[in-house]
Amino acid sequence: MTDTIFALATAAGRAAVAVVRISGPATLHVVSALAGKVPPARLAALRRLKHRGIELDEALVLRFQGPASYTGEDAAEFHVHGGRAVVDALMLALADLGLRLAEPGEFTRRAFENGKLDLAQAEGVADLIDAETEAQRRQALGQVGGALTRRYDRWRDLLVESLAMLEAAVDFPDEDLPEAVAQRARPGLVALASEIDAALADVSRGHRVRDGYRIALVGAPNAGKSTVLNGLVEREAAIVTAIAGTTRDIIEVPLELGGYRVLLADTAGLRDTDDVVEAEGVRRARTWSSEADLRLWIVDGFHVEQLDLDEGPVLSAGDWVVINKMDIADPAAASLVAKGLRNRGLMVTTVSARAPGELDRLKAALVDHVTEALSGSEFPAATRLRHAERLREARAFLARALSSEGLEVELAAEDVRLTARALGRITGTIDAEDVLDRVFSSFCIGK
Ligand code: GDP
């Protein structure tokens with residue numbers, strides 16, 4: 001028999017209202033034990049909660065009748081006053097009534113197991129709870145609403161149709177027919193292959209929206225990276241000093257730009273050094289910046305000649321150069337350098353990072369850049385690594401199905417089956433316990 005579980009659904013700590021929810025077969029019994037008369041399903045009722053003759057609180061009680069509930073089971077919520085002692089007293093009473101404290105993600109896992117949500121939607125719930133920016137919210141909400149699920153279901157329908165055609169061909173092995181029948185499956189499979197290719201090409205966008213677009217501030221020590229970072233985030237996140245080599249580790253600062261989550265990192269000044277700690281900082285900086293989505297090279301405008309050096313910073317296409325300290329720089333020299341860089345296809349902005357308000361222009365340009373990189377007409381197909389891996393696997397099986405000469409019917413059918421299986425693992429129609437454990441353990445208790 002399934003346990004009945006409980007957990008605090010709202011954040012821990014003092015608040016006006018706290019919501020404790022329960023789910024499982026003992027729900028009705030527990031509601032009546034604590035609240036007396038059981039309210040009708042889906043209608044909030046004000047009740048005095050009592051346990052063993054002691055009054056706990058006056059609360060709103062909301063009951064759901066399975067399967068019409070989040071978990072699909074009988075469930076209830078107690079909206080109590082949000083003081084710690086109130087919540088503790090209620091939770092102790094629930095435990096005393098034989099309920100068990102829920103594990104992380106257990107409510108959502110039950111919803112999944114009872115067919116209320118598929119795995120991609122459940123992940124959407126976790127993402128929605130974690131969402132901090134407008135784009136994260138939209139992406140997660142789309143996922144909860146089944147935007148991914150519908151796409152994968154459509155793909156799987158197409159595979160099942162193709163499979164039916166291939167199997168029909170297997171059933172007539174002695175005739176000339178098989179080839180012709182099997183060939184009918186091809187156009188659908190080819191179209192699906194290109195849809196999966198498009199989805200794979202879009203994988204990084206989904207990740208960036210969810211996890212953040214990574215911008216590395218790189219450049220020589222003392223060029224003003226920390227000043228730029230502090231100016232962009234509008235607070236003192238990095239230490240600014242006139243001593244070169246101040247930043248020894250990567251300071252990763254989350255920031256919202258145009259509704260997107262951005263991670264900005266001030267990386268250790270890139271220079272050769274004998275200092276072991278600084279050398280490690282430089283190594284980490286190189287790794288972070290090589291994996292970043294955008295590199296902002298901060299250049300000391302007072303020393304623009306730094307940029308002439310061919311042995312200096314290795315600028316690559318797509319990098320963005322910020323010529324800083326324009327208040328003390330020679331404008332003619334800076335503009336000459338800027339022109340040269342623009343001719344090489346690089347973006348260039350000149351600023352004086354230390355002057356108030358000067359970074360607004362840079363910030364506005366970054367908003368445009370990030371918006372262009374991350375917005376798209378269609379919902380990204382994969383928001384997690386797990387999805388991308390399965391998509392790649394599906395694509396490989398599909399390629400094999402399509403490569404069999406004239407579609408060797410039986411082999412192709414098997415590959416189509418494997419393609420469908422790989423896609424089914426994204427939504428969790430087919431999956432092993434360990435994957436489920438991993439997905440749900442990332443939730444917090446009460447979700
Ligand atoms: P980092 O080593 O690249 O992080 O450089 P910092 O941000 O620590 O800056 C190094 C020095 O340059 C500090 O003394 C800053 O105050 C100074 N600095 C930064 N931006 C400007 C600027 O726009 N104009 C001037 N004159 N000095 C600046």
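Visitor: Which helix gives the most to the shell around the ligand?
Guide: This is a predicted model, in which local features need pLDDT of at least 70, side-chain atom pairs count only at pLDDT 80 or more, and totals for chains, interfaces and linings use all residues. Residues are numbered from 1 along each chain as its sequence is written, and side-chain values use heavy atoms, with hydrogens and water left out. Helices (H or I, at least four residues) and strands (E, at least two) are DSSP runs, numbered from the N terminus. With three residues, the element that gives the most to the shell is helix α9 (residues 225-233).

Visitor: Which residues around the ligand come nearest?
Guide: A residue counts as near if one of its heavy atoms lies within 4 Å of the molecule. By class the shell has seven nonpolar residues (Ala, Val, Leu, Ile, Met, Phe, Trp, Tyr, Cys and Pro count as such), four charged ones (Asp, Glu, Lys and Arg) and seven polar ones (the others, Gly among them). Of the 18 residues around the ligand, those that come nearest are Asn-222, Lys-225, Ser-226, Thr-227 and Asp-327.

Visitor: How much of the ligand's exposed area does the protein bury?
Guide: Polar contacts (pairs of N or O atoms within 3.5 Å) are one place to begin. Oxygen atoms of the ligand lie 2.8 Å from a backbone N or O atom of Asn-222, 2.8 Å from an N or O atom in the side chain of Lys-225, and 3.3 Å from a polar side-chain atom of Ser-352. Areas come from the Shrake-Rupley method with a 1.4 Å probe. Taken alone the ligand exposes 580 Å², and of that the protein buries 91%.

Visitor: What is the phi of Asn-222?
Guide: Asn-222 is found in the loop between β7 and α9. At 33% relative accessibility it counts as partly exposed (buried means under 20%, exposed over 50%, partly exposed in between; 1.4 Å probe, protein chains only). Asn-222 is a residue other than glycine, yet its phi is positive, near 75°.

Visitor: Is Ser-226 buried or exposed?
Guide: The UniProt annotation "binding site", from an unreviewed entry, covers Ser-226 and Thr-247; such annotations may be inferred rather than shown by experiment. Ser-226 is found in helix α9. Its relative accessible area is 9%, so Ser-226 is buried.

Visitor: In which strand is the place of Arg-21?
Guide: UniProt also places the feature "binding site" (unreviewed entry) at Arg-21, Glu-77, Lys-116 and Lys-447. Arg-21 is buried, with a relative accessible area of 15%. Its place is in strand β2 (residues 17-23).

Visitor: With which residue does Arg-137 form a salt bridge?
Guide: A salt bridge is a side-chain nitrogen of Lys or Arg within 4 Å of a carboxyl oxygen of Asp or Glu, and by this rule the count comes to 27. Arg-137 and its partner both lie in helix α5 (residues 134-144), three residues apart, about one turn of the helix. The closest N and O atoms are 2.7 Å apart, and the partner is Glu-134.

Visitor: How many residues apart in sequence are the parts tied together by Arg-214 and Glu-291?
Guide: These two form a salt bridge whose closest N and O atoms are 3.9 Å apart. Arg-214 lies in strand β7 (residues 213-218) and Glu-291 in helix α10 (residues 276-291), so the pair ties together parts whose separation in sequence is 77 residues.

Visitor: Which residue meets Lys-325 in a salt bridge?
Guide: Lys-325 sits in the loop between β11 (320-324) and α11 (331-343), and its partner, 25 residues apart from it, in strand β10 (residues 294-300). Lys-325 is partly exposed at 22% relative accessibility, whereas the partner counts as buried at 7%. The N to O distance is 3.3 Å, and the partner is Asp-300.

Visitor: Where is Arg-52 found?
Guide: Arg-52 has a positive phi of about 50° although it is not a glycine. It is exposed, with a relative accessible area of 66%. Arg-52 is found in the loop between β3 (45-51) and β4.

Visitor: Which peptide bond is cis?
Guide: The proline involved has its place in the loop between β4 (54-64) and β5 (75-81). Omega is near 0° in the cis bond from Gly-66 to Pro-67.

Note on methods. A polar contact is a pair of N or O atoms within 3.5 Å; within protein, one must be able to donate a hydrogen and the other to accept it, and residues adjacent in sequence count only if both atoms are side-chain atoms.
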